[in-house]
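Dear colleague,

I am handing over the structure below, and after it I set out what was found when it was examined. Please read the notes with the structure open beside them.

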Amino acid sequence: MQHAIGIDFGGTSIKSGLVFDGRIIQRGRTIETRRCGGPEEIVDALVAIVAELRPGAPNVAALGIGLPGVVNSISGVVHELTNVPGWEDIPLRELLRNRTGLPITIENDANAMAYGEFKSGAAKDGRHVVCVTLGTGVGGALILDGRLYRGAQLGAGEIGHLSIDYRGVPGPFGNTGALEKYVGNNQIAQRAMELYAEKGIKKSLAECTPREVDLAAQAGDKVALALWEAVGFEIGVALASVVWILNPDTIIIGGGVAKAGDLVFEPIRRTIRERTIDVFHQHLRVLPAALGNDAGIIGNAVLALEALG
């Protein structure tokens, strides 16, 4: 079996690792994305990471890198990155291949996370898998019949843009009521602050982050408990529609919001049960992601090895 390097390129940090048999056997140093300059400086940093990890195994066969934004996994071109300026139509695969000599795969970060969970994490016993990441935005990815499904324009799985209310909050791209306009980190904080204000309790946004709301709910705070119930219901409404369309056997939910555990998972599961037929939900697993920040690293490395044929 061969080794591969996986790189998880995020808007805040770049994490990496040397992967063997679906496990990280050596971690690369973490790079703060915003401390780097434009694409050239970041490419230099990526090349340096590869050079540092390669001595860890005699047979590093490939490199896989996942990025947030509009990525063409076929051409290897990064068209645009979320929260990382200066990346417009950058031929990243060609640049890295020329400088490392390795076969390279480029993938959307949500797809890579999903594939990592499918191969080595919470979804490894599934075959029809929906993955959702809950953070600043809401991302998603699909494993259908055991294969990563990218769609006609390589953009499938954008569950955050699925509308839960056609008369709801205006969102990007003209899609009113998009899920992430309700359950993104910033939206949860804003909603919590407003709910507390209605009860005569003044709190700042910093005191209303999902983590703070989680801790408050665990302590029995009624405002926080009601908010998690609402957030879980809204996520469940979106996922019930996904269940009707795709009939998955597994739904994996990761990201910061998922750390609220049963506070958010119970209303999600209950809402899916209430809005789908028994045959669809009786054997459906709705599980928290298992690999955390490692999912993208592992998923990118595995995708790179499988691309070798």
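Aspartate 145 sits in the loop between β10 and β11, and in this model, which is a predicted one, its phi is positive, at about 55 degrees, although the residue is not a glycine. Aspartate 145 is partly exposed, its relative accessible area being 44%. A second aspartate can be described in similar terms: aspartate 21 is placed in the loop between β2 (13–20) and β3 (23–27), has a positive phi near 55 degrees, and is partly exposed with a relative accessible area of 46%.

The sheet to which β10 and β11 belong is open and has 5 strands, in the order β11-β10-β9-β12-β13, with mixed pairing. Its edge strands are β11 (147–149) and β13 (285–288), each of which pairs on one side only. On average, and with direction ignored, neighbouring strands of this sheet are turned by 25 degrees against each other. Within the sheet, strand β9 (residues 129–134) and strand β12 (residues 250–254) run parallel and are joined by 5 bridges, and cysteine 131 has isoleucine 252 in β12 as its bridge partner. Helix α7 packs on this sheet, where it touches β9, β10 (138–144) and β12, and its direction makes about 160 degrees with that of β9.

Isoleucine 251, which also lies in β12, has a relative accessibility of 0% and therefore counts as buried, the cut-off being under 20%. Leaving aside residues up to four places away in sequence, isoleucine 251 touches Val130, Leu239, Val243, Ile272, Leu284, Arg285, Val286 and Leu287. Isoleucine 251 is 29 residues from lysine 222 in sequence, and the two C-alpha atoms are 28 Å apart in space.

As for α7 itself (residues 222–246), its 25 residues should span 36 Å at 1.5 Å a residue, and the C-alpha atoms at its ends are indeed 36 Å apart, so the two values agree. At the start of α7, a side-chain oxygen of aspartate 221 comes to within 2.9 Å of the backbone nitrogen of valine 223, while just after the helix asparagine 247 takes a positive phi of about 50 degrees.

Helix α6 (residues 210–218) has Pro210, Val213, Asp214, Ala216 and Ala217 as buried residues. Viewed down the axis of α6, these buried residues fall within an arc of 165 degrees, so they line one face of the helix. They pack against α5 (185–198), α7 and α8 (262–275), whereas the face turned away from the buried side of α6 carries the exposed residues Arg211 and Gln218. After α6 comes glycine 220, with a positive phi near 95 degrees.

Where does glutamate 107 lie, and is it buried or exposed? Glutamate 107 is in strand β8 (residues 104–108) and is buried, with a relative accessible area of 5%. Its side chain makes polar contacts with the side chain of asparagine 111, at 3.0 Å, and with the side chain of arginine 150, at 2.7 Å. Not counting residues up to four places away in sequence, the residues that glutamate 107 touches include Ile65, Leu67, Val71, Leu148, Arg150 and Leu303.

With best regards

Terms used. Residues numbered from 1 in each chain as written. Predicted model: local features only at pLDDT ≥ 70, side-chain atom pairs only at ≥ 80, totals over all residues. Heavy atoms only, no water. Helix = DSSP H or I, 4+ residues; strand = E, 2+ residues; numbered from the N terminus. Expected span 1.5 Å × (residues − 1). Polar contact = N/O pair within 3.5 Å; in protein donor to acceptor, adjacent residues only side chain to side chain. Buried < 20%, exposed > 50% of the residue type's maximum accessible area, 1.4 Å probe, protein only. Arc of directions from axis to C-beta. Contact = heavy atoms within 4.5 Å. Pairing = 2+ DSSP bridges. Axes fitted to C-alpha atoms, helices over the stretch in contact; angles between N-to-C directions.
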